[in-house]
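Open the model in your viewer and keep the sequence panel beside it. The stops below each begin with something to select.

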Amino acid sequence: NLFRGDNVLIKGKKRKDTVCIVLADDNLDDSKIRLNKTVRKNLRVRLGDIISVHACGDVPYGKRVHVLPLDDTIEGITGNLFDTYLKSYFLEAYRPVRQGDLFLVRGGFRPVEFKVVGVEPGEFAIVAPDTVIHCEGEPVCREDEEKLDDVGYDDIGGCKKAMGQIREMIELPLRHPTLFK
C-alpha cells in the first residue's frame, strides 16, 4: 500500500533506521526494494539483508538542519560548500533527512560526504525550500564515524563455541572483576 512519493521509515540492523521516499520500480517483485549504497550504510545492512519498511505518515518540514562534511572528502576543496554542493542538492528536492545519517553529494569537482548532525524539529524532517541549512563547524572525522565497536556478536556467524569462550575469557572478567581476584 505504498505509492510513489510516500515517506517510509526503513529499519535495519542494530536499531538503525532512516526515512526515505518511495520511488516506483516495475522490474522488482513486491517483496523486494532497492536501496542505494548510502542508505544501506546508514542502516548497517548489505545486499540481500532483510529490513522492515513502515509507512511513515506525515514527516514534518524542517525548520533547521545542520550538516557537516566528512574531513577526508573535502581535502583540497576550497570555497563555499553550501553554494557548491548543498544548495543544488536540496533545492526544490524535498529530501528527507535523519539526524546521524550520512549522505553523498556529487557536485563541483568530486563528491563530498556530509553528516546530518542536527534536525529541528525532531529526529527527522523534510528539507523544504524554507528550511534553513547550516553547514558551519569543524568537519566530522571519519574515524569517529566508523568505530570498531559497530561490530557485534550478530556480525559473526557459525562460531558459537568460540564466541562462548570469548565471552567467558574476556567479558566475564570485565563485567565481574571481583570474581577473578
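## Stop 1: a pair of strands

Select Glu120 and Arg64, whose side chains form a salt bridge with an N to O distance of 3.1 Å. The two residues come from distant parts of the chain: Glu120 belongs to strand β7 (residues 112-120) and Arg64 to strand β4 (residues 64-69), with their positions 56 residues apart in sequence. This is a predicted model, so the distances you read off belong to a prediction. Colour the pair by accessibility. Glu120 has a relative accessible area of 34%, which makes it partly exposed. Arg64 is also in the partly exposed class, because its value is 39% and the class runs between 20% and 50%.

## Stop 2: the cis bond after Glu120

Stay on Glu120 and add the next residue, Pro121. What kind of peptide bond joins Glu120 and Pro121? The bond is cis, and its omega is about 5 degrees. Pro121 sits in the loop between β7 and β8. Add Gly122, which is found in that loop between β7 and β8 as well. Gly122 counts as exposed, because its relative accessibility is 51% and the cut-off is over 50%. Now draw a distance from the C-alpha of Gly122 to that of Arg98: the two are 9.0 Å apart in space and 24 residues apart in sequence.

## Stop 3: the Arg98 network

Select Arg98 together with Asp17 and Glu123. These three residues are linked in a network of salt bridges. Look at the Asp17 side of the network before the Glu123 side.

Arg98 and Asp17 meet through their side chains in a salt bridge, 2.8 Å from N to O. That contact links distant parts of the chain, 81 residues apart: Arg98 is in strand β5 (residues 95-98) and Asp17 is in strand β2 (residues 17-21). Are Arg98 and Asp17 buried or exposed? Arg98 counts as buried at 14% relative accessibility, and Asp17 counts as buried at 17%.

Turn to Glu123. Its salt bridge with Arg98 has the closest N and O atoms 2.4 Å apart. Arg98 lies in strand β5 and Glu123 in the loop between β7 and β8 (124-127), so this pair ties together parts that are 25 residues apart in sequence. Glu123 counts as partly exposed, at 42% relative accessibility. Side chains of opposite charge can pair when their charged atoms come close. For the whole model, the count of salt bridges comes to four.

## Stop 4: the backbone at Tyr94

Select Tyr94, in the loop between α2 and β5. Check its phi: the angle is near 50 degrees, a positive value in a residue other than glycine. Tyr94 counts as partly exposed, with 31% relative accessibility.

## Stop 5: the largest pocket

Show the surface and select Cys20, Ile21, Val22, Leu23 and Arg34. These are the residues nearest the centre of the largest pocket, among the 43 residues that line it. How much volume does the largest pocket have? The volume is about 1,400 Å³.

To see where the lining comes from, colour β1 (7-11), β2, α1 (37-43), α2 (81-90), β5 and β6 (102-105). Each of these elements supplies at least two residues of the lining of the largest pocket. By residue class, the lining divides into 26 nonpolar, six polar and 11 charged residues.

## Stop 6: Val105

Select Val105, which lies in strand β6. Val105 counts as buried, because its relative accessible area is 1% and the class takes values under 20%. Draw a C-alpha to C-alpha distance from Val105 to Asp17: it reads 21 Å, for residues 88 apart in sequence.

## Stop 7: a patch on the surface

For the last selection, take Ile166, Met169, Ile170 and Leu174. Together they make a nonpolar surface patch of about 450 Å². Ile170 lies in helix α4 (residues 160-175). Ile170 counts as partly exposed, at 48% relative accessibility.

Definitions and conventions:
Residues numbered from 1 in each chain as written. Predicted model: local features only at pLDDT ≥ 70, side-chain atom pairs only at ≥ 80, totals over all residues. Heavy atoms only, no water. Patch = residues over 30% accessible without salt bridge, like charges linked within 9 Å, V, L, I, M, F, W, Y side chains within 5 Å. Areas by Shrake-Rupley, 256 points an atom, 1.4 Å probe, with all protein chains shown as cover. Helix = DSSP H or I, 4+ residues; strand = E, 2+ residues; numbered from the N terminus. Buried < 20%, exposed > 50% of the residue type's maximum accessible area, 1.4 Å probe, protein only. 1 Å grid on protein atoms, 1.4 Å probe; cavity = no way out; pocket = protein on both sides within 12 Å on 5 of 7 lines; lining within 4 Å. Points joined across faces, edges and corners; volume = space filled by probe spheres on them. Nonpolar A, V, L, I, M, F, W, Y, C, P; charged D, E, K, R; others polar.
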